[in-house]
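Q: Please take a close look at one part of this model, the pairing of its strands, and then relate that part to the helices and cysteines elsewhere in the chain.

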Amino acid sequence: MAEPTDNVYLEIRDLTKNFGDFTALRNISLDIMDGEFVCFLGPSGCGKTTLLRAIAGLDIQTTGSIRQAGNDISALPPSERDFGIVFQSYALFPNLTVNKNVRYGLENRKLPAAQIDARVVELMELVGLPDQGDKYPAQLSGGQQQRVALARAMATSPGLLLLDEPLSALDAKVRVRLRSEIKDLQRRLGVTTIMVTHDQEEALTMADRIVVMDHGIIEQVGTPEEIYGTPSTSFVADFIGTMNFANGAVQADGIVKLGDVTLSCATEGMTPGTAAMIAIRPEDINAQDIGDGDDNVIEAEVQHLEFLGSFYRAEIGGRAFGENSLRADFSINLVRRKGITLGSTLPVRLPADMIQLFPRT
């Protein structure tokens, strides 16, 4: 299977897109590597689809440049750019059979019929639909239609594959299955791929790197592990996964105050007296194997307890927390072993290396 290389395939520089007085993209610069699977992730209206459409030439940018494989494509129409695209709605021709849908782009290139036939057979095998070629799109399930759309997008062997929310119209089980199939297909073909999604789980499971966007700017670019584990802004921390935020203040170098207690954590770049948001994920709050000499241990009261199948999510607070409360995830075994119920008190530890600080506005 092909892996991403260190060669830059797509260079985006200082890209801005205005729609009248509205700025949809603001000075976007980004490098995408050859063979990489990149997800543009963010809430509705953040600019991710606009950026994809600019790359495709469907909405030409107001200013800035795009280079693909070393060639400046900034002003080229879509027909002269090297990409295949799959939309949320599949966009298959309903009056054409599956085979004819896949053949469409190849026939436009005036390729020999035998070559087209062989390519269609190859693609239908590739997407797991070798016996469906004579059916019409309406006779296929949503997941099958999306596979056909993928085969059609890949028919001309484009250098770049663009996926615009390709799974959002499918039900949950089909979506989970297809995302692993798409990732496997992308790896086998080694095609550079950009996918737009608002689904963080989709991005975390599929992407080599994630580009988190908000209000037309890039908030952070990183691997799924980096985006989840070390978010660079409070927006990313809040948007990806579940994050606790509590009001605190930097008391000294390496020390922050939460309610009536002080906690050890990294405070680089924040001077004593600075108001701060203390951030920690629920799964990082530890309620077991706490030793006498451990730091950042607080006596907590369970103020709410919610059963979520494989674990319990507790809301913890109490006098030491001041006005703050935090969500903590406890395993079923821990809850049973310690007899944790609503109103229980127990020591919890907030590990220093799991706490992040953000400026409080």
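A: Two strands are taken to pair if DSSP finds at least two bridges between them. In this predicted model, strand S12 (residues 255-258) meets that condition with S13, to which it is joined by four bridges, and the two strands run antiparallel. Together S12 and S13 form a hairpin with two residues between them, and Gly-259, which lies in the turn, has a positive phi of about 60°. Within this pairing, Leu-258 stands opposite Val-261 of S13. Strand S13 itself (residues 261-264) has two faces: Val-261 and Leu-263 belong to the covered face, whereas Thr-262 and Ser-264 belong to the uncovered one.

Strand pairing is also found earlier in the chain, where an open sheet of four strands follows the order S2-S1-S4-S5 with antiparallel pairing. The edge strands of that sheet are S2 (22-33) and S5 (71-72), each of which pairs on one side only. Strand S1 (residues 8-19) is joined to S2 by eight bridges, and these two strands run antiparallel; Lys-17 has Leu-25 in S2 as its bridge partner. Helix H1 (residues 48-56) lies across S1, S2 and strand S4 (63-68), and H1 runs at about 115° to S1.

Turning to the helices, H2 (residues 98-108) and H4 (residues 142-154) have axes that come within 7 Å and cross at roughly 25°. Because that angle falls under 35 degrees, H2 and H4 count as roughly parallel to each other, and H2 passes H4 in a right-handed crossing. On the H2 side the contact is made by Val-98, Asn-101 and Val-102, and on the H4 side by Val-148, Ala-151 and Arg-152.

As for the cysteines, a disulfide is a covalent bond between the sulfur atoms of two cysteines, and the structure holds zero disulfides. For Cys-39 the reason is one of distance, because the closest cysteine sulfur, in Cys-46, is 12 Å from its own, too far for a bond; the cut-off for a disulfide is 2.5 Å. Cys-46 is likewise in no disulfide, with the sulfur of Cys-39 as its nearest cysteine sulfur at 12 Å. Cys-39 is buried, with a relative accessible area of 0%, and Cys-46 is buried too, with a relative accessible area of 1%.

Methods. Residues are numbered from 1 along each chain as its sequence is written. This is a predicted model: local features need pLDDT of at least 70, side-chain atom pairs count only at pLDDT 80 or more; totals for chains, interfaces and linings use all residues. Side-chain values use heavy atoms; hydrogens and water are left out. Buried means under 20% relative accessible area, exposed over 50%, partly exposed in between (1.4 Å probe, protein chains only). Axes are lines fitted to C-alpha atoms, for helices over the stretch in contact, and angles run from 0 to 180 degrees between N-to-C directions. Angles under 35 degrees count as roughly parallel, over 145 as roughly antiparallel, 65 to 115 as roughly perpendicular and the rest as oblique. A crossing is left-handed if the near helix is turned anticlockwise from the far one by less than a right angle, and right-handed if clockwise. Contact means heavy atoms within 4.5 Å.
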